Every structure is written in structure tokens, then in C-alpha cells.
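This report describes a ligand site and two sheets, with the criteria behind each term given where the term first appears.

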Amino acid sequence: MQNEWDAVVIGGGVAGLSAAQMLGRSRRRTLVIDGGMPRNRFAAHMHGVLGHDGRPPAELLATGREEARSYGVEFADGAVAELIDEADLLRVVRTDGTMDTARAVVIATGIRDVLPDVPGLNQEWGRTVLHCPYCHGWEVAGRRLGVLATSAASLHQVELVRQLSDDVVVFTSEPFDETTVVRFTARGIRIVRDEVRAAHGREGALEITTASGDRHVVDALFAGGAPELDLGFAAGLDLARTDAPGAPLAADLRGATSHPRVFAAGNVTAPFGNVPLSMGAGSMAGAGVNGMLAAEDFALAVTARTAERNAAWEERYAAEGRFWSGRVNATVAAVVAPLEPGTALDLGSGEGGDAVWLAEHGWRTTGVDVSTTAVTRAAALAASRGVDVDFRTGDGAASVGGEFDLVLASFLHSWEPDFPRLRLLREAADHVAPGGRLLIVTHAAPPPWAREVPDHAPVMRTPDEELSLLALVPDQWQAEIVEVRRREATAPDGTPAHLDDGVLLLRRRA
Ligand SMILES: Cc1cc2nc3c(=O)[nH]c(=O)nc-3n(C[C@H](O)[C@H](O)[C@H](O)COP(=O)(O)OP(=O)(O)OC[C@H]3O[C@@H](n4cnc5c(N)ncnc54)[C@H](O)[C@@H]3O)c2cc1C
């Protein structure tokens, strides 16, 4: 069985639930997969969490789940075993083999606290053995407090614990340096330089036995665990890590990691973080995912719309026999004739009239058009005229690549209001070789016989307007021709008339 989701959140602690809430509220199809082992499950109450002070951690998570569910978020108990990158999707495989796919994933799997290897510490974790003076210090303030020093960070913890009580003892198996001894002694802190061998709960207090056999009783012992991250399930994604203890995932403020579809929040990115920080990070990661997906939704829509527009051209060509005359446009021929031939790219080459003329006049020509039918007809025209033109089906200069001495966009108009003419022309400019030219020939005005211009008529701009809209870097381009040229034509009723062609010939400085 496989389900498709906008987002899968791995880990249903405070970070994961906050991300899920944001995603649910953004109407994203979201699944939370949770192993049900939040880091603070050992503590009966939590503190330092505004508005929830003293609340059991499990109660906050239950409320969080309820809230997320009310926005359509779904939940599954279980553990994720593997994350597989499938380009536009991530496959999420659970340990029981269940598979889901998601457009984005939030990793909020937290950390594990690996306590010093002292018998009894694990059993008392969250009761008389505490990890953080901010979370549980007030409750033991003024009592007999100990600190188990295992790293440089422990020295900072001693300073914080001393703020809570005058009765503080610090246990260390390594001698402190002189500065530390001076500072601790000045604050009345007792130093026990002996290895702690056991810690056992006794009637609400903790009895600590050292290597020498001495026993010390404290009401609480602060002992920082080493953070351990279990990210084996994401190994295939090679996510960037930081060099902080535990090598947490590297993520920015929106939770974005080194993988575009993977976001992360909570202790997995900040092992030192408490509940409020993890909630905030989760909330930002949920918004980060939604923002990424929203942008992707627009990009996908544009791609689909482009395909639809291109298909309409193909239908148009395929519906009739030859569409155009097969002759070069007179304005194109007049502007190009004096130029030294080189390589040329004809954008929107249609049935090949301009491209074949260019080839006949010495240009090594490539023609590109979105319609396969048009390209086939253009190739046939070139063959019939005995010239070689590289005709391709594609969308714009970017689909061809390379640089050309001449890029021609001749009557690149469309009746569709969302035709991205300016983007195509800017792309065309990017494919002009240094010293080469961009030639844009357009309908500068509707034909005189058109009494009314229909709403759906192609956008017609003067060459001046077009030049300013193109917004090319001025010192990289020199305008050689910016003018409207009048051309003789015959109206549909057979009477003589004229057409106004816009001509924009731009030279890219060498
Ligand atoms: C004893 C103790 C007491 C604490 N007390 C406080 C306090 O009073 N106030 C405070 O602010 N902070 C406190 N903290 C810190 C707090 O626990 C963390 O800040 C918070 O839990 C981090 O939230 P999180 O969502 O990142 O991770 P977690 O809460 O640890 O949640 C991670 C979730 O992910 C799940 N998971 C892991 N791997 C997978 C997998 N592969 N697939 C699916 N699910 C997975 C886990 O089972 C877990 O449910 C305490 C910490 C400890 C150790």
C-alpha cells in the first residue's frame, strides 16, 4: 500500500506537531509518522513553556495532535526506516514496509540523551537526575544540588545551578584547572575529585557513591547527556550536518536543509533547544515546506500551461496543409542582407521560410519551433531548396543552447494573453554571441483593414517600447535599428494596403 502526501512529518514531538499544524492549516495533505518516544517523556511535568507551565509533556502532545487533526492532518504510529530520493518526490519507507510518497518531508526526530556510564543514572533520569536548570531547577531551588562534570559545558551548568542553591557539590574525575577551583571555591561550591560509580534514588533524594566508597546525598543531580541522533533512515540523502555536539542537521531558520525537499526542526537541528524553541522551529519548518510547495505549484502550472500552449500551435499546424508562403519576410531579408553571414538561430521558425532563406544566403542556420508538424514541413522545404538547416522541435533559444552570430525572432506573436514573449526574447538575447546580433521583427500595428482590434489580438508594441521592456544591460548592447518600416501588402479584399513592421536590431558588444 502506498499513499501520496504533500508532506510527511517524521516525528510527532512538539517540533513535528507544530510543523504539521502549519501544514494542515495550509490545506496540505499531511501525515505524521511518530515513534512515540519524545525526549522529555521521563519528566512528569514541564516548565519554561509559556502558557503550559507545569503541564505533563504527554498532555501537550495530545492537545497538539488534536489540533493538527482538526486541520486534516493524519497520524501513523511507527518508525521511518528509509527515505529515498525520487527526484520530484521522496519515498518514505516504514520499518513495517509501509510506503508513502511525499513532495516534502520534515525531519523532527529529536535526539537521544546518552548519559554518563554510571549505574542508576538512567533510572533516575527526569526525576532526581536532571538535564537542565531552566526546565527543572526552580522545583529543587534551595536544596542540596549536585553537578556531574563530564565536559566543559558542565562548568557552565555549575554556574547556573549555583544561582539556584547555596548548597552545591560538583563531582569530577579530572582535576579542574586553578581558575575553576578559585571561582568555584569563591562561590562556596564543594568539589569532589573522585569518580562517580553509582547513583541511586533513596526516598526522593539521590545517593551518590564515588570510587573511594564515599557516599553523598543530594536532592538532585544535574548531568548533561551527550546528544545522539539516529538519522540512519536519511543516510541516502547525505544531508549536511553541523559540527556541534551530536552533529545535528544543518538547517536555516525556515528549516530548509541541504536537500530541497527535506526540512528539519527541533532537537534534530538544535540539540540544546527546549520545548518553546522546538515548537517555534517546527512552526517555521511547516511554513517553509508550504512556501516551497506553493512556489512549486506555480512552476508546475506554468509548465503545464506552456505544454498546452505548444500543443495548440501543433494542432493549428496539423489542422491544415501548409500555413505560410514559404517565402522570407521582406523586412527580415532587407535587414539581414547586408550582414556578414555566420551562425544563425531562427526562433519560432514555423514552416521554415526565413530559416531556409538564411541558409541560402550563407548562414549556418538552426531553426526551432514548438510544432513538430511545422518543423517537418520546414525540413522538407529546406530539402526541396537544396540547403541544409538544422530544424529542431523545442521551446525558445534555451531549448537549443549555444551562442549564435544572429538570433532572429521574426513575428514571434501569439494570440494568447499569457504568451511569455518578453521571457523568450530575453532568453534569445542570452544566446547571442559577443559581437553578434539580435533581430526582432514584429507587427508594430494591426493591419489597416482590421476595423476593430479583437481583445485576443497579439500584443503589438513599437520597437522603442519593446527595447525598454527588454531591459538589456545598456553597456553590453548597442541598438543599430529601432524603427517601424512600412511594407506594401494586399488587403483581403484585394486592394493595395500596407503593413507596419517593427524592427529592432541590437548588437551585443564584443
Ligand atoms: C528529561 C527531560 C526533561 C525535559 N523537560 C523540559 C522542560 O521542562 N521544558 C522544556 O522546554 N524542555 C524540556 N526538555 C527538552 C525537550 O524534551 C525537547 O526540547 C523537546 O522534546 C524537543 O522536541 P522535538 O520535537 O525536537 O523532539 P522529541 O520531543 O524528542 O520528539 C521526537 C519524536 O520523533 C520520534 N522519532 C524518532 N525517530 C523516528 C523515526 N525514525 N520515525 C518516526 N518517529 C521517530 C520519537 O519517537 C519522538 O516521538 C526536557 C528534556 C529531557 C531529556
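## The ligand shell

Helix H7 contributes three residues to the shell around the ligand, the largest share. Helices (H or I, at least four residues) and strands (E, at least two) are DSSP runs, numbered from the N terminus. The model is predicted: local features need pLDDT of at least 70, side-chain atom pairs count only at pLDDT 80 or more, and totals for chains, interfaces and linings use all residues. Residues are numbered from 1 along each chain as its sequence is written, and side-chain values use heavy atoms, with hydrogens and water left out.

There are 37 residues around the ligand, and Asp 34, Met 37, His 47, Gly 273 and Val 275 come nearest; a residue is near a molecule or strand if one of its heavy atoms lies within 4 Å of it. By character, the shell divides into 17 nonpolar, 17 polar and three charged residues. Here Ala, Val, Leu, Ile, Met, Phe, Trp, Tyr, Cys and Pro count as nonpolar, Asp, Glu, Lys and Arg as charged, and the others, Gly among them, as polar.

## Polar contacts and burial

Backbone atoms of the protein approach oxygen atoms of the ligand at several residues. For Arg 39, a backbone N or O atom lies 2.9 Å from a ligand oxygen atom. The distance from a ligand oxygen atom to a polar backbone atom of Val 14 is 3.3 Å, and a backbone N or O atom of Asn 274 also lies 3.3 Å from an oxygen atom of the ligand. The protein buries 94% of the 990 Å² that the ligand exposes when taken alone; accessible areas come from the Shrake-Rupley method with a 1.4 Å probe, and for residues only the protein chains shown count as cover.

Two or more residues of the shell come from each of helix H1 (14–25), strand E2 (30–34), helix H4 (133–136) and helix H7 (275–319).

## The three-stranded sheet

An open sheet of three strands has the order E12-E13-E14, with antiparallel pairing. Two strands pair if DSSP finds at least two bridges between them. Strand E12 (196–202) and strand E14 (215–218) are the edge strands, each pairing on one side only.

Six bridges join E12 to strand E13 (residues 205–210). Val 196 has Thr 210 as its bridge partner in E13, while Ala 198 stands opposite Thr 209. The hairpin of E12 and E13 has two residues between the strands, and Glu 203 takes a positive phi near 50° there.

## The seven-stranded sheet

The order E20-E19-E18-E21-E22-E24-E23 describes an open sheet of seven strands with mixed pairing. Its edge strands, each paired on one side only, are E20 (390–393) and E23 (477–490).

Strand E18 (residues 343–347) runs parallel to strand E19 (residues 364–369), joined by five bridges. Within this pair, Asp 346 has Gly 367 of E19 as its bridge partner.

Conventions
Polar contact = N/O pair within 3.5 Å; in protein donor to acceptor, adjacent residues only side chain to side chain.
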